[in-house]
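Student: I am new to this structure. Please show me how to read it.

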Amino acid sequence: MKKTKRALNASDLSGDRSILIKPAKNMKKVIYALILPLVVVSGLVFANRGIETSERPIPKPLSAAEMKAERKKWEASPDGIMVKKWKESPAGKGV
């Protein structure tokens, strides 16, 4: 007798669908197994980021004298001088 290869017909698969379902179940397990470590690692990364940012010291507000000193220092800078000139100009007076 000759051995021949038979192609699968639609009628061959209609009765036995377990051939198609088993690989899908295994694929789901593999996908879940790959996604779970990804979720855990990303959670740890974001958790560590939050801790680092919360360690920054909060600056205390300046007192009135310190604010006045800082303002005088800024007014002596090139930016402060430009603002003074702009306030004295016609465009600055219109505002």
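Tutor: Along the sequence, the chain runs α-α-α-α-α, which comes to 5 helices and 0 strands. Helices (H or I, at least four residues) and strands (E, at least two) are DSSP runs, numbered from the N terminus. This is a predicted model, in which local features need pLDDT of at least 70, side-chain atom pairs count only at pLDDT 80 or more, and totals for chains, interfaces and linings use all residues. Residues are numbered from 1 along each chain as its sequence is written, and side-chain values use heavy atoms, with hydrogens and water left out.

Student: Which helix has the lowest mean pLDDT, and which the highest?

Tutor: pLDDT is the predictor's confidence in each residue, from 0 to 100. Where pLDDT is low, the predicted coordinates should not be read in detail. Helix H1 (residues 10–15) has the lowest mean among the elements, 54, and helix H3 (residues 64–75) the highest, 94. The chain averages 78, and 69% of the residues score at least 70.

Student: Does H3 lie buried or in the open?

Tutor: Buried means under 20% relative accessible area, exposed over 50%, and partly exposed in between (1.4 Å probe, protein chains only). H3 lies largely in the open, because the number of buried residues among its 12 is 0. Of the 95 residues of the whole chain, 2% count as buried.

Student: How is Ile 31 classed?

Tutor: Ile 31 sits in helix H2 (residues 18–54). Its relative accessibility is 40%, so Ile 31 counts as partly exposed.
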